[in-house]
Amino acid sequence: MAAETIDGKGIAALVRAEVGVAAQRLTAAGQRPGLTVVLVGEDPASQVYVRNKDRAADRAGFRVETRKLPAQTPQAELLALVAELNADEAVHGILVQLPLPGGLDADAVVRAIDPAKDVDGLHPDNVAALWMGTPGHRPCTPSGCVELLDRTGIDIAGRNAVVIGRSLLVGKPLAALLLARNATVTIAHSRTADLAGLARGADILVAAVGRAELVRGNWIKPGAAVLDVGINRGADGSLVGDVAFDEARERAAAITPVPGGVGPMTIAMLLRNTAAAAARRAGLDAEQVFAEARLIAAERSASAAGSGLAR
Ligand SMILES: NC(=O)C1=CN([C@@H]2O[C@H](COP(=O)(O)OP(=O)(O)OC[C@H]3O[C@@H](n4cnc5c(N)ncnc54)[C@H](OP(=O)(O)O)[C@@H]3O)[C@@H](O)[C@H]2O)C=CC1
Ligand SMILES: Nc1nc(=O)c2c([nH]1)NC[C@@H]1CN(c3ccc(C(=O)N[C@@H](CCC(=O)O)C(=O)O)cc3)C=[N+]21
Ligand SMILES: [Mg+2]
C-alpha cells in the first residue's frame with residue numbers, strides 16, 4: 001500500500017495562519033514583526049527560499065526585506081550590515097543565507113548577530129540552548145520537521161530515528177530535537193559504513209544531504225516515516241529531493257514530497273521565530289501568544305467552512 005503523502009504545504013499554511021493572527025496582536029502591541037534576510041551572491045537553494053519567504057511574510061502581515069549583496073562583498077561590510085540590523089528596532093529577525101560565497105567567514109558573521117534576533121538558531125548561544133533544552137531560537141528546518149511529525153500524528157518517543165546529514169543548519173539540530181523528544185537517534189554522513197543497512201532500521205528516516213534521489217526504495221523500513229529535506233535541481237530545472245519518492249512511497253507509511261514537504265515548513269517556522277522575537281520585545285510570553293492565536297485561527301477556519309467559505 002502506498003504511503004500517506006505528508007502535506008507540508010497545507011500544514012505550513014495552517015502554521016502561517018496562526019502566526020498571522022499572532023502578528024496582528026503584536027502589531028497592535030506596537031511590535032509588528034520585522035524580518036530582514038541577507039543574501040550574498042547567488043546560491044540557487046537560497047534563491048528559492050528568498051522568493052517563497054517574501055510572499056509568505058507579506059501575507060502574514062510582517063514587515064520583510066531582503067538585502068542583496070554582490071558575491072565580492074568584503075567581510076567588514078557584511079559585519080557592518082549585521083551591526084546596523086542588530087541596532088534597528090524595526091528588525092526582530094535577521095537571517096543570513098548560507099552558504100556564503102568563498103572568502104567570507106560564515107562563523108564570524110553568525111556570531112555577530114544578536115542572539116535574540118538570530119531566527120535561524122545558528123548563533124552559539126542558541127546552539128547551546130538547543131542542546132541544553134533551555135529557551136532560545138531553534139533552527140527552522142529541524143523544528144519544521146518535528147512540527148510535521150506532530151501535526152501528522154506520528155509518534156517520536158522510543159522510535160529509531162536516522163538523520164542522514166550532519167550540518168549545523170539541519171542534521172545536527174534535528175538530531176538534538178528528536179533526542180529531546182526521546183527518539184533514539186543516529187546521525188549518518190558521507191563516511192557512514194553501510195548507509196542503506198542503517199537506514200533500514202529507521203522508523204523515522206530523514207535525508208538532509210543535497211544529492212538527488214540518494215535514498216532508494218529498498219532503504220526504507222516498511223511502515224517508516226520519511227522526511228526529505230533535500231532541495232536539488234533536476235536536469236530540467238525542476239526541484240528534486242534526496243529520496244527517490246516513487247520507490248520510497250511503496251514501503252513507507254508516510255513521506256514528504258519535494259516540493260511541498262519540508263520546504264514550506266521551514267518558512268512557516270522562520271515566521272514563527274520572528275513573531276516570537278517580536279513577542280518578547282513586547283514583553284509578552286510568546287508561547288501564550290501562539291496558543292491564543294492557534295485557537296483564534298481554528299475558530300476562523302471553522303466559521304469560514306461553516307459558511308461555505310472553506311479556504
Ligand atoms: N527544505 C528546506 O527547508 C531546506 C533544504 N536544504 C537542503 O537540504 C540539503 C542539505 O542541506 P545542508 O545540511 O545545508 O547541506 P550540507 O552540504 O551542509 O551537508 C550535507 C551533509 O550530507 C552528508 N553527505 C554528503 N554526501 C553524502 C553521502 N553520499 N552519503 C551520506 N551523507 C552524505 C555530508 O556529510 P559530511 O559531513 O561527511 O561531508 C553532510 O553532513 C541540501 O539539498 C539543501 O539545499 C537545506 C536547508 C533547508
Ligand atoms: N541561513 C540559512 N538558513 C536556511 O534555512 C537556508 C539557508 N540559509 N540557505 C538555503 C537553505 C535552503 N532553504 C530552503 C527553504 C525553503 C525552501 C522552499 O520554500 N521550498 C519549497 C519550494 C517550492 C518551489 O518554489 O517550487 C518546497 O520545497 O516546496 C527551499 C529551501 C533554506 N535554507
Ligand atoms: Mg520540500
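At what angle do α6 and α10 pack, and how far apart are their axes? The first legend gives the answer. The model shown in every view is predicted.

**View 1. Helix α6 packs against helix α10 in the predicted model.** The angle between α6 and α10 is about 110°, and their axes are 8 Å apart. Angles of 65 to 115 degrees count as roughly perpendicular, and α6 and α10 are therefore roughly perpendicular to each other. From α6, the contact takes in Cys140, Thr141, Ser143, Gly144, Cys145, Glu147 and Leu148. From α10 come Val262, Met265, Thr266, Ala268, Met269, Leu270 and Asn273. Sorted by class, this contact has eight nonpolar, five polar and one charged residues.

**View 2. Helix α1 runs alongside α10, roughly parallel to it.** Helix α1 covers residues 8-28. The axes of α1 and α10 come within 8 Å. They cross at roughly 15°. Angles under 35 degrees count as roughly parallel, so the α1 and α10 pair is described that way. The crossing of α1 past α10 is left-handed. On the α1 side, the contact uses Gly8, Lys9, Ile11, Ala12, Val15, Arg16, Val19, Ala22, Ala23 and Leu26. On the α10 side, the partners are Val262, Pro264, Met265, Ile267, Ala268, Leu271, Arg272, Ala275, Ala278 and Ala279. By class, the residues of this contact are 16 nonpolar, one polar and three charged.

**View 3. Helix α2 meets α10 at an oblique angle.** Here α2 and α10 pack at about 50°, and their axes lie 10 Å apart. That angle makes α2 oblique to α10. The crossing of α2 and α10 is right-handed. Asn52, Lys53, Ala56 and Ala57 represent α2 in the contact. Ile267, Leu270 and Leu271 represent α10. The class count for the contact of α2 with α10 is five nonpolar, one polar and one charged.

**View 4. Ligand 2 lies between domain 1 and domain 2.** The domain assignment of the chain gives domain 1 as 30-114 and domain 2 as 140-262. Their C-alpha centres lie 27 Å apart. Both domains give residues to the shell around ligand 2, so ligand 2 lies between them. The ligand has 22 residues around it. Of these, Tyr49, Asn52, Leu98, Pro259 and Gly263 come nearest. Four elements each supply at least two residues of the shell: α2 (44-59), β4 (93-96), α6 (140-152) and α10 (262-281). The largest share, five residues, comes from α2. The shell around ligand 2 divides into 14 nonpolar, seven polar and one charged.

**View 5. Ligand 1 has 27 residues around it.** Ser167, His189, Ser190, Gly210 and Thr266 come nearest to ligand 1. Helix α10 gives the most to this shell, with three residues. The shell around ligand 1 comprises twelve nonpolar, twelve polar and three charged residues. Thr266, one of the nearest residues to ligand 1, also belongs to the contact of α6 with α10.

**View 6. Cis peptide bonds precede Pro99 and Pro259.** The bond from Leu98 to Pro99 is cis, with omega near -5°. Pro99 sits in the loop between β4 and α4 (106-112). The bond joining Val258 and Pro259 is cis, with omega about -5°. Pro259 is found in the loop between β11 (254-255) and α10. Leu98, from the first of these bonds, and Pro259, from the second, are among the residues that come nearest to ligand 2.

**View 7. Asp194 has a positive phi.** Asp194 is not a glycine, yet its phi is about 50°. Asp194 lies in the loop between β6 (184-188) and α8 (195-199).

Technical notes: Residues numbered from 1 in each chain as written. Chains lettered and ligands numbered in written order. Predicted model: local features only at pLDDT ≥ 70, side-chain atom pairs only at ≥ 80, totals over all residues. Near = placed C-beta within 6 Å. Nonpolar A, V, L, I, M, F, W, Y, C, P; charged D, E, K, R; others polar. Domains from an automatic or database assignment. Axes fitted to C-alpha atoms, helices over the stretch in contact; angles between N-to-C directions. Parallel < 35°, antiparallel > 145°, perpendicular 65-115°, else oblique. Left-handed = near helix turned anticlockwise from the far one by under 90°. Contact = placed C-beta atoms within 7 Å.
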